[in-house]
Amino acid sequence: MWLGAGRATKESGIDLAVGLMLNKKVGDPVKVGESLVTIHANREDVKDVVEKLYASIRIADHAEAPVLVHDIVME
């Protein structure tokens with residue numbers, strides 16, 4: 001939404017050309033200098049987005065991939 005790909009209100013427009021491309025998954029090894037995320041934007045100044053991304057990323061010695069399927073419901 002910060003780049004324009006989502007809507008704050010139903011009247012807000014959607015920019016289909018923007019978004020984030022994740023270059024690593026949770027649990028993937030990371031080397032110093034490797035890119036974790038690619039930002040696709042239609043504006044030059046994306047410092048606000050970079051700050052929010054840095055605040056949400058944690059680098060640790062070990063990480064386990066999250067469980068994606070918690071349960072299967074069958075009737």
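Let me start with a word I'll lean on: buried means under 20% relative accessible area, exposed means over 50%, and partly exposed lies in between, using a 1.4 Å probe and protein chains only. By that count, 8% of the 75 residues of this chain are buried.

A quick note on where this comes from. This is a predicted model, where local features need pLDDT of at least 70 and side-chain atom pairs count only at pLDDT 80 or more, while totals for chains, interfaces and linings use all residues. Residues are numbered from 1 along each chain as its sequence is written, and side-chain values use heavy atoms, with hydrogens and water left out.

Now, the overall picture. The chain has one helix and two strands, in the order β-β-α along the sequence. Helices (H or I, at least four residues) and strands (E, at least two) are DSSP runs, numbered from the N terminus. The radius of gyration is 16 Å, well over the 11 Å that the globule rule gives for 75 residues, so the chain is more spread out than a compact globule. That radius is taken over C-alpha atoms, and the rule is 2.2 Å times the number of residues to the power 0.38. Along the principal axes, the C-alpha atoms fill a box of roughly 50 × 35 × 20 Å.

So what makes up the largest nonpolar core? Five residues do: L3, V18, V46, V49 and L53. A nonpolar core here is a set of buried Ala, Val, Leu, Ile, Met, Phe, Trp, Tyr and Cys residues joined through side-chain atoms within 4.5 Å.

Let's stay with V18 for a moment. Contact means heavy atoms within 4.5 Å. Setting aside neighbours within four places in sequence, V18 is in contact with L3, G4, A5, H40, A41 and N42. Next door in the numbering, A17 sits in the segment before β1 (19-22). With residues up to four places away not counted, A17 touches H40 and N42.

Then look at how the chain travels from there. A17 and P29 are 12 residues apart in sequence, and their C-alpha atoms are 29 Å apart in space. G27 lies in the loop between β1 and β2 (37-40). Its C-alpha atom is separated by 29 Å from that of L16, 11 residues away along the chain. And is G27 buried or exposed? G27 counts as partly exposed, at 44% relative accessibility.

One last number for you: among contacts between residues at least 6 apart in sequence, 26% join residues at least 24 apart.
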